[in-house]
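Colleague: May we go through this model together? I should like to begin with a term that you use often.

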Amino acid sequence: GPNRIFDEFAKVFTDTAGAAQGVRREVETIVRTQVERLLNQLEIVQREEFEAARDMDVLRSALGEQKLNFLGKSYGTMLGATYADLFAKNVGRMALDGVLPPDLTMQQINEGQATGFEKALDAYLADCVSGGKCPLGSDAASAKKKLQTWLAGLDAKPIKASGDKRLSTLTEGWAINGIAASLYDQAKWGELTQALRSAFGGDGTQLLNAGKSYAERNDDGTY
């Protein structure tokens, strides 16, 4: 399983670090062969985590830091856990918030995230309609259906939006991004309601901006 493979990675790196200078080149050649063999046993998501953790240690070394201090949230907790598994001796202060078990497959992660978003959306809709001025209506169930129908039609009839040099309309993907970004924090529910109200009125700028923020996209189209 993944943990056994990561244990092998950790042993490989430890053995390399402890090799005498005179035989380091030969050891590194063997290590590269071992790492390639182990990487071939990993799923794509696990290979990406390994490579990211390795890059993190390269940066730590380049900065001249003896220890890596790390704050990881959500998916970042998997990177932190992978780093700690591979480079335990280089870990300084590490805080992992909203931990994802590192042995989950990408399918399990996606399913869990979808379930979480669904619960958050239901909670938002219940709160929105309870205020009496929800742009989606006065009943949570019908509000959800209205939102789904509206999103499904956005690609065929996108809404005008401004502020981005390359994007001039709000499409389904960007609208979903904007909604998802607001569901992470209950303090943003009011902003989401206003963004939806504006979008239903023909201006998708606020929702597009929320989606761009979630994707870390700049107004010039760069990321």
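Modeller: Certainly. A residue counts as buried when its relative accessible area is under 20%. Please keep in mind that this is a predicted model.

Colleague: Is Asp-164 buried or exposed, then?

Modeller: Asp-164 has a relative accessible area of 9%, so it is buried.

Colleague: Which side chain meets Asp-164 in a salt bridge?

Modeller: That of Lys-212, at 3.0 Å from N to O. Lys-212 is buried as well, with a relative accessible area of 2%.

Colleague: Where do the two residues lie?

Modeller: Lys-212 is in helix α9 and Asp-164 in the loop between β3 (159-160) and β4 (169-170), so the salt bridge ties together parts 48 residues apart in sequence. Asp-164 and Lys-212 also belong to a network of salt bridges with Arg-217 and Asp-219.

Colleague: How many salt bridges does the structure hold?

Modeller: It holds 6. One of them joins the side chains of Glu-118 and Lys-144, at 2.4 Å from N to O. Glu-118 lies in helix α5 and Lys-144 in helix α6, so this pair connects parts 26 residues apart in sequence. Lys-144 forms a salt bridge with Asp-122 too, with the closest N and O atoms 2.9 Å apart.

Colleague: Let us change topic. Which element gives the most to the largest nonpolar core?

Modeller: The core has 28 residues, and Leu-183 is among those that touch the most other members. Helix α5 gives the most to this core, with 6 residues.

Colleague: What is Leu-183 in contact with, leaving aside its neighbours within four places in sequence?

Modeller: Its contacts include Phe-117, Tyr-124 and Trp-189.

Key. Residues are numbered from 1 along each chain as its sequence is written. This is a predicted model: local features need pLDDT of at least 70, side-chain atom pairs count only at pLDDT 80 or more; totals for chains, interfaces and linings use all residues. Side-chain values use heavy atoms; hydrogens and water are left out. A nonpolar core is a set of buried Ala, Val, Leu, Ile, Met, Phe, Trp, Tyr and Cys residues joined through side-chain atoms within 4.5 Å. Buried means under 20% relative accessible area, exposed over 50%, partly exposed in between (1.4 Å probe, protein chains only). Helices (H or I, at least four residues) and strands (E, at least two) are DSSP runs, numbered from the N terminus. Contact means heavy atoms within 4.5 Å. A salt bridge is a side-chain nitrogen of Lys or Arg within 4 Å of a carboxyl oxygen of Asp or Glu.
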